[in-house]
Amino acid sequence: MTGTDTTSAPTPEFSRIIEIEAIEPGEPRTFSYTATPAECAALARRLGQEQILSLEAGVTVTRIRGGAHLVFDLSGRLIQTCVVTNLRFEASVSETIDVDALAEPEYGRRLATLDAAEPEDDQEPPEQLIDGRVDVGELATEYFSLAIDPYPRSPEAPAEPVEREVFMLRGGSAPEGKGREHPFAKLAALKQRMDTDTPEGGDAS
C-alpha cells in the first residue's frame, strides 16, 4: 500500500485529500470523515462485499521530517455471509493504524532502510506523498478492506468444528468451497446413513 498516486489514477470511491503543508509543525490536527451512502455502495462493489453500511475515519496528522505521521481510527459496519451457516449477518470493523506518509527523498531512504532490516523487524512501510498531498480516504479504504474478516462467522455459528458438522447434518449447509472438511465428517455422514437405513427396532448388521 505504497505510492498513493493522486494525480493519474481515477478518483477513488471514498477520496479525502489532505495538504500536508497546511499542517503546522508541532500542531497535530485531527480530521473526521464519513462515507456517504453512495460511497458505501461503491466501496461494497469494489471490495466484493454484499453491503457496507457505514465507514468512518478519524485521522490525526502530525508533521515529521519529510512528510507526516498519520494515525487512523477506523470503524465500519457491513453485511457478510457466514462461512459456516451460510446466513447473512451484520459485522463490524474497528482498527487503529499508524503510518508515515513521506515525500522523496525521505520516502526512498525509508524503503531502503526497511529492505536492509532483519525480517523480524516488522515495520510498516511508508506511504508516498505526491505533490505534498495524501488521500486519507483511499488509505482508510485500503486499511478497512484488510481488516474485513475473509472467513466471517455469524454469532449463531457453532464454535467448534465438530459442532459445525453436527449443524450441517441437521440440515445446515456451508457455502461451496468455504471452510475445511472436518476429519470426522465422513464418519458422521456414515453414521447418519446407518441411522436412516436401519428400521426402527431392527438390526443394522
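1. Starting at the N terminus, the elements of the protein chain follow the order β-β-α-β-β-β-α-β-β-α-α-α. That gives five helices and seven strands in the secondary structure of the chain. Keep in mind that this is a predicted model.

2. Some whole-chain numbers next. The protein chain has 205 residues, and buried ones make up 36% of them. If you take contacts between residues at least 6 apart in sequence, 65% of these join residues at least 24 apart.

3. Have a look at helix H1, residues 37-47. Which of its residues are buried? Glu 39, Cys 40, Ala 42, Leu 43 and Ala 44 are, so a glutamate sits in that list together with a cysteine, a leucine and two alanines. The cover over the buried residues of H1 includes strand S2 (29-34), strand S3 (51-64) and H3. Just after H1 comes Gly 48, with a positive phi near 70 degrees.

4. Now for H1 against helix H3 (residues 136-147): the two pack at an angle of about 50 degrees, and their axes are 12 Å apart. Because of that angle, H1 counts as oblique to H3. The crossing of H1 past H3 is right-handed.

5. Who touches whom in that pair? From H1 you have Leu 43, Arg 46 and Leu 47, and they meet Glu 138, Thr 141, Phe 144 and Ser 145 of H3. Sorted by class, the contact of H1 with H3 has three nonpolar, two polar and two charged residues. Leu 43 turns up twice in this note: it is one of the buried residues of H1, and it is also part of the contact with H3.

6. On the cysteines: how many disulfides are there? The count is zero. For a pair to count, the sulfur atoms would have to be within 2.5 Å. As for where cysteines sit, Cys 40 has 3% relative accessibility, and it counts as buried because the cut-off is under 20%. Cys 82 is buried as well, with a relative accessible area of 0%.

7. There is a cis peptide bond to check, between Glu 104 and Pro 105, with omega at about 5 degrees. Pro 105 belongs to the loop that runs between strand S5 (88-102) and helix H2 (106-116).

8. Asn 86 deserves a click too. Its phi is positive, about 65 degrees, although Asn 86 is not a glycine. You'll find Asn 86 in the loop between strand S4 (67-81) and S5. With a relative accessible area of 37%, Asn 86 is partly exposed, because that class covers values between 20% and 50%.

9. Asp 131 is another non-glycine with a positive phi, here about 55 degrees. Where is Asp 131? In the loop between strand S6 (127-128) and strand S7 (133-135). Its relative accessible area is 61%, so Asp 131 is exposed, the cut-off being over 50%. Asp 131 and Glu 21 are 110 residues apart in sequence, yet in space their C-alpha atoms are 10.0 Å apart.

Methods:
Residues numbered from 1 in each chain as written. Predicted model: local features only at pLDDT ≥ 70, side-chain atom pairs only at ≥ 80, totals over all residues. Heavy atoms only, no water. Buried < 20%, exposed > 50% of the residue type's maximum accessible area, 1.4 Å probe, protein only. Axes fitted to C-alpha atoms, helices over the stretch in contact; angles between N-to-C directions. Helix = DSSP H or I, 4+ residues; strand = E, 2+ residues; numbered from the N terminus. Parallel < 35°, antiparallel > 145°, perpendicular 65-115°, else oblique. Left-handed = near helix turned anticlockwise from the far one by under 90°. Contact = heavy atoms within 4.5 Å. Nonpolar A, V, L, I, M, F, W, Y, C, P; charged D, E, K, R; others polar.
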